[in-house]
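Please open the model in the viewer and keep the sequence at hand. The tour begins with the whole chain and then turns to a group of aromatic side chains.

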Amino acid sequence: MAPAPAGHAPYLSLFLKSLKANPVEVSIENLISLLKRRQIINSRSCAIATAHLLLHVVAKLKWTGVDRLLGRVQEVGQRLMEAQPREMAVGNIVRRVLGMIRGEAEADREEDTDSATNSQVGSPRRQHIEQFPSKAEGITSALSSLRFEASDALETTKKANGDDPFVSKPASARPPLMGSHTSHAAGTGAPIMTSMFNLLSATASPADTPEGSMSPHSKSGFSAASLSKRIALTSKNIKSEVINGIEEIIDELDQVDDLIAGYALDHIHSNEVILTHTSSTTVQRFLLKAASKRKFTVIVVESFPNNHTATHATVAGQVRIKDEGSDEIGSEAFAKPLSATGVTVILIPDSAVFAIMSRVNKVILATHAVIANGGLVAAAGARIIATAANVHKVPVIVVSGVYKLNPDYPFEFESLIEYGDPGKIVPYDNGELVSDLEIDNPVYDYVPPDLVNLYITNLGAHAPSYLYRIVADHYKTEDISFHKPEFQFGAMS
């Protein structure tokens with residue numbers, strides 16, 4: 001389906017303004033309608049709209065538990081993904097929010113476990129000893145005195161019987177065995193030994209039990225009021241942390257191009273020849289950052305017929321009305337600021353890529369989405385450029401925000417390709433030719449990972465084989481196929 005003639009800037013801004021005034025369900029339906037009509041397109045705009053909508057959904061949801069919050073976000077995310085399956089940034093933002101909710105709930109459970117382990121509730125023996133040390137010391141001293149009194153009695157008996165360790169005596173002089181209730185000192189005047197059973201069988205008074213402690217036979221020390229207060233506090237903490245996390249995602253979307261541009265000087269050197277494609281805003285800021293300190297040549301492939309006139313609302317000081325709504329800017333607008341910095345800019349048609357590739361030092365590509373296997377979905381013509389670079393051993397660098405990294409692995413890569421208006425290739429007014437042709441106008445190409453050398457994201461530079469680690473850091477396994485119930489069991493296992 002061809003892009004709408006009006007761009008994402010007015011539609012996205014109007015949608016964001018309407019969030020405060022409209023109910024949540026109305027806002028959800030508005031975004032679904034905008035996605036279906038392709039009035040909000042490209043990864044960045046869809047990601048921004050999704051993040052703001054989920055922030056609105058979480059803030060307005062009445063708390064009844066973590067499961068309820070997860071279910072609500074999953075339901076909204078599934079509806080948005082069904083509205084436009086090829087805008088994979090929508091599902092990426094939903095998965096990140098779901099993972100954030102699970103992470104906050106898990107952290108809250110760990111805090112509860114730690115507090116329960118460190119607290120003394122449930123250990124009345126320890127509380128009793130700590131709060132009443134005098135009683136514990138009294139028992140210990142009683143046992144000690146008992147031991148010494150028994151020793152004294154034994155010595156007295158030995159002296160009375162004339163026992164001497166150095167003098168031999170008959171076997172009949174051996175003292176009798178003691179019982180638990182008998183004393184060997186009868187008739188000698190020695191103190192009577194107190195039985196340990198009598199000490200340990202003493203009944204503790206109610207005053208000995210500290211207030212607030214729990215015994216094995218007592219009921220829980222938590223009241224209904226304290227339990228409800230704790231639930232309210234937990235819900236407030238989790239909800240506020242999730243809201244803060246979504247706001248951080250929104251800030252990341254606003255700063256992603258600047259963060260990627262910060263790595264430009266590490267990869268672009270003086271007097272190099274750089275080939276790029278489709279005049280992406282991310283690529284433009286990347287090159288402008290390098291051009292601030294180095295001089296080089298940029299060759300821009302116009303990407304006919306879909307993106308050669310594509311524009312962005314606020315790029316390079318030029319505002320265009322026609323064909324807004326993509327992540328691309330017009331080639332003329334792209335060439336002007338680079339030329340102003342002293343960079344030589346050359347515009348070539350797509351058919352000249354193979355002829356010029358032997359003179360190129362690096363290829364820098366923008367992307368619509370990045371797949372977990374290291375491949376990417378980019379504007380039509382990207383695969384031809386990557387193939388030509390592979391033949392001539394030219395490194396291919398892809399600049400992309402992490403929000404474009406999709407954890408879902410498609411079984412058919414053809415399903416990722418969107419087809420646009422064939423009238424851009426052969427106009428409909430040429431009736432005789434149109435009636436005899438079947439024309440396909442792909443909007444995107446799939447580039448396999450073996451044609452890519454390096455990814456530069458807002459987190460740094462990574463090889464295609466390392467992307468699985470970024471996926472593991474940003475997404476939970478149980479959320480990868482949340483929109484496909486038939487695959488959830490396999491994802492969780």
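Begin with the whole chain selected: of its 493 residues, 43% count as buried. The model is a predicted one. Switch next to the cartoon display, in which 16 helices and 11 strands may be traced. If contacts are displayed, consider those between residues at least 6 apart in sequence: 77% of them join residues at least 24 apart. A surface display would show about 26300 Å² exposed by the protein chain, with carbon and sulfur atoms supplying 56% of that area.

The tour now moves to the aromatic side chains. The structure holds two aromatic pairs. For one of them, select Y409 and F413: their rings meet edge-to-face, with 5.8 Å from centre to centre and 75° between the planes. Y409 has a relative accessible area of 43% and is therefore partly exposed. F413 is also partly exposed, its relative accessibility being 23%.

Keep F413 selected and add Y446. How are the rings of F413 and Y446 arranged? Their centres are 4.2 Å apart and their planes lie at 15°, so this pair is stacked; planes under 30 degrees apart count as such.

Where in the chain do these two partners lie? F413 is found in the loop between β8 (405-406) and α14 (431-435), whereas Y446 belongs to strand β9 (residues 444-447). The pair therefore ties together parts that are 33 residues apart in sequence.

Is Y446 buried or exposed? With a relative accessible area of 10%, Y446 is buried, because buried means under 20%.

Finally, select Y409, F413 and Y446 together: they form one aromatic cluster.

Definitions and conventions. Residues numbered from 1 in each chain as written. Predicted model: local features only at pLDDT ≥ 70, side-chain atom pairs only at ≥ 80, totals over all residues. Heavy atoms only, no water. Helix = DSSP H or I, 4+ residues; strand = E, 2+ residues; numbered from the N terminus. Buried < 20%, exposed > 50% of the residue type's maximum accessible area, 1.4 Å probe, protein only. Contact = heavy atoms within 4.5 Å. Areas by Shrake-Rupley, 256 points an atom, 1.4 Å probe, with all protein chains shown as cover. Phe/Tyr/Trp six-rings, centres within 6.5 Å; stacked < 30°, edge-to-face > 60°.
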